[in-house]
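Q: I am new to this structure and would like a close look at a single part. Please start with whatever terms I need, then set that part within the rest of the chain.

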Amino acid sequence: MKKIFYLLFFFVFLMGFNDYTKEVEPLFEFEIIRDKYGLPDSYQAYIKSPVCEKDKCYEIEITMQWDLIGRFREYDTISGKGLTKTDHIPFTDQDYKKLEQLLKDSNSPIGGYRKEELIRDTRKSELDGFTGATIREINDIVVGGGVYSCYTLWHLANRKFTDSISKMTIGSLDKKLMKKLVNQKDQAINYFVINNLGPSDFLNYRDEILEMIVPKRGYFAKIAIEKMPAEIFKDSIAQAYFAKHLCSFNYFSQIALLKQLNTIPLTPTLKNAFISQKEDRNSLKQDLIQNLIQ
């Protein structure tokens, strides 16, 4: 079993949840969970938050956990403080399972609605008073009688902490953590890395970035190459890597590489690799290669 190391962070966020929890400021106690080597492994937060309806608010307490790039992993309730539905009816085991499915769907349609759009007014006359029903588009994915709790918790799980977690992971980045991220061979993590690194970071983690660029894996190589600073392409080790793998890159990755190398002197090995790619027909690739080797 992993030995868990804790680094405790305490956050009191001064801003509300967009449209739905401006009445009371939520309270968060955040921690980094570390693996047996002392490297960040996941993030966990104790959350004490209001859930507000039209005319009232009630409080929920829960813990949530995310991976290093902010993807929701799991939640747990606090002993003696389980979740409740309308009229304080406790969640059933089936309700908790349904909530878990919702929270793990970062693309859930519930994220496209404002709080006031969740319930449809179904009153028939002034004498009937107000009655309401969950809108059809989300009715099957939320807990009956617990739509506001589901809505609040989904935003906490999938939106509230994304930027904060990204900043914490990038702020903790070093050679060991970068190697750990690369070794997970997770394309979402790869994109997270290249989208959050600055030019100097690309240079510091050159070897790890090159290891991420696995030929024949969609468009990731193309995007990674386009994001790399020019200094990387001047490096003999990087040029040796591209010479070795050039034939395995798809057409779009090769075009991106050729454009990056447009004004950079090539090593003989990389130049020969491009010469071997020359074609008889006229094409953008042929023109770019010709400009490099002339």
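A: Happy to! A residue is called buried when its relative accessible area is under 20%, exposed when it is over 50%, and partly exposed in between, using a 1.4 Å probe and protein chains only. By that rule, 44% of the chain's 294 residues are buried. Keep in mind that this is a predicted model, where local features need pLDDT of at least 70, side-chain atom pairs count only at pLDDT 80 or more, and totals for chains, interfaces and linings use all residues. Residues are numbered from 1 along each chain as its sequence is written, and side-chain values use heavy atoms, with hydrogens and water left out.

The chain holds 14 helices and 7 strands; these are DSSP runs numbered from the N terminus, with helices (H or I) of at least four residues and strands (E) of at least two.

Our part is the hairpin formed by strand 2 and strand 3, which have 5 residues between them. In the turn, glycine 38 has a positive phi of about 85°. Strand 2 covers residues 27-34, and 6 of its 8 residues are buried. Strand 3 spans residues 40-52, and the two strands pair in the antiparallel sense over 8 bridges; strands count as paired if DSSP finds at least two bridges between them. Within this pairing, isoleucine 32 of one strand stands opposite tyrosine 43 in strand 3. As a general rule, side chains in a regular strand alternate between the two faces of the sheet.

Now follow the hairpin on to its sulfur link. Cysteine 52 and cysteine 57 form a disulfide, with 2.0 Å between their sulfur atoms; the term applies to cysteine sulfur atoms within 2.5 Å. In general, such a link is a covalent bond between the sulfur atoms of two cysteines. The structure holds 1 disulfide, and this link is right-handed, with 110° about the S-S bond. How covered are its two ends? Cysteine 52 counts as buried because its relative accessibility is 2%, while cysteine 57, at 39%, counts as partly exposed.

Two other cysteines are worth finding as you turn the model. Cysteine 150 has a relative accessible area of 0%, so cysteine 150 is buried. Cysteine 247, on the other hand, counts as exposed because its relative accessibility is 60%.

Finally, a word on the whole chain. Contacts (heavy atoms within 4.5 Å) help here: of those with a separation of 6 or more, 57% come from residues 24 or more positions apart.
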